[in-house]
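Colleague: I'd love a close look at one single part of this model, explained for someone in their first year. Could you pick a part and walk me through it?

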Amino acid sequence: METSRIALPIGTALDRFIKNNQDQFQYTTGELSQLLRDIALASKVVNREINKAGLIDIMGAIGSQNSGGEQQQKLDVLANIRFTRALSKGGEVCALISEETESYVDLNNEGKYVIAIDPLDGSSNIDVNVSIGTIFSIYRRKSKIGQPISEQDILQKGEEQVAAGYILYGSSTMLVYTTGHGVNGFTHEPSLGEYFLSHPDMIIPQDGKIYSINEGLSNSFSPGIKKYLQYCKDQNYTARYIGSLIADFHRNLLKGGIYLYPATSKDSNGKLRLMYECNALAFIVEQAGGKGTNGKERILAIQPTSLHQRTPFYVGSWNMVDKVENF
Ligand code: AHM
Ligand code: MG
């Protein structure tokens, strides 16, 4: 059942926003709404841990115990624990795919949704106080409730996502998500501990002047990509690369730009993972009017064959991604 979008003002609390837009979901029963709330809550816990990251060495190094007797964890492991806990307790998710675990987790419940998540992406940036992110994709379960989870539940194409989003732990913490009805961004207000709508109906500029790529690898790029990089320089584009996918993606979403992680001579599929890194961003960018491709095909149309499969990734402003495909 499609209904027209309800416009809510900047400053609307996330909870209210989710509730007001619940009718947009085709199978609305409130479970997807609850799932989004669970993710938001877990992200607040992770955000709190990230903000203390610099104190870890003072409060006890990895491998030691904290005052509560819990083992201190690396933040990416900790984020995985926090999100897994929130998602499994909620009961809306029946299976979980995570960058942190080799195979998927069957939660053995009646949940209607499958989630793929990178709990903390760009974690090599934690130690140097640079922005990092969480990325998630949500799908409908395909098997009947009561039946065991099967491959058709897990290996779904990106175009079957019902919702996707990311959390950017940056100079402020933001949650950006789509349920296929545009993209909205929420900023976390720390003193209230709540997300508020700050970026309604996000649209990526059709064109941009920023290109984001690890150019240190350029000797191992294909001739086409090398030519495209030369083209960027000839156009006097600006190079911006943090090495933290969400931070690079978010900047380009707001300002117009392209993020590239091509195949290299070492990795013919590049570095990034289709199921919990690229699909979510491709869905968001399309909803914002941009484009996400592997150079040959729309990211969302790729049939995954394994959980952790990699893909070359070009994502951002429509005209820029179009251009790189021509190269
Ligand atoms: P991770 O999942 O191990 O954190 O790696 C993903 C990260 C992305 O955030 C980032 O865009 C990319 O790897 C950077 O890779 P590189 O260091 O090769 O430029
Ligand atoms: Mg990652």
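Modeller: Happy to! Let's start where strand β5 (residues 161-169) runs antiparallel to β6, joined to it by 6 bridges. Strands here are DSSP runs of E with at least two residues, helices are runs of H or I with at least four, and both are numbered from the N terminus. Two strands count as paired if DSSP finds at least two bridges between them. This is a predicted model, in which local features need pLDDT of at least 70 and side-chain atom pairs count only at pLDDT 80 or more, while totals for chains, interfaces and linings use all residues. Residues are numbered from 1 along each chain as its sequence is written, chains are lettered from A and ligands numbered from 1 in the order in which they are written, and side-chain values use heavy atoms, with hydrogens and water left out.

Now follow the chain from β5 into β6: a hairpin of 3 residues makes the link. On the other side, β6 is joined by 5 bridges to strand β7 (residues 183-189), again antiparallel. That second link is a hairpin too, with 4 residues between the strands, and Gly180 in its turn has a positive phi of about 90°.

Thr178 is a handy residue to find. Ala164 stands opposite Thr178 of β6, and in β7 the bridge partner of Thr178 is Val183.

How covered is β6 (residues 173-178)? Mostly: 6 of its 6 residues are buried, where buried means under 20% relative accessible area, exposed over 50% and partly exposed in between, using a 1.4 Å probe and protein chains only. Thr173, Leu175 and Tyr177 point one way, Met174, Val176 and Thr178 point the other way, and all are buried.

Just before β5 in sequence there is a link to a distant stretch of chain. Glu159 and Leu300 are 141 residues apart along the chain, but their C-alpha atoms are separated by 4.7 Å. Leu300 sits in the loop between β12 (291-293) and β13 (313-316). With a relative accessible area of 2%, Leu300 is buried. Beyond its neighbours within four places in sequence, Leu300 is in contact (heavy atoms within 4.5 Å) with residues including Lys157, Gly158, Gln161 and Phe283.

Stepping back, the chain has 9 helices and 13 strands, and 52% of its 327 residues count as buried. Residues 24 or more positions apart account for 62% of its contacts with a separation of 6 or more, and Leu300 with Glu159 gives you a pair to look at.
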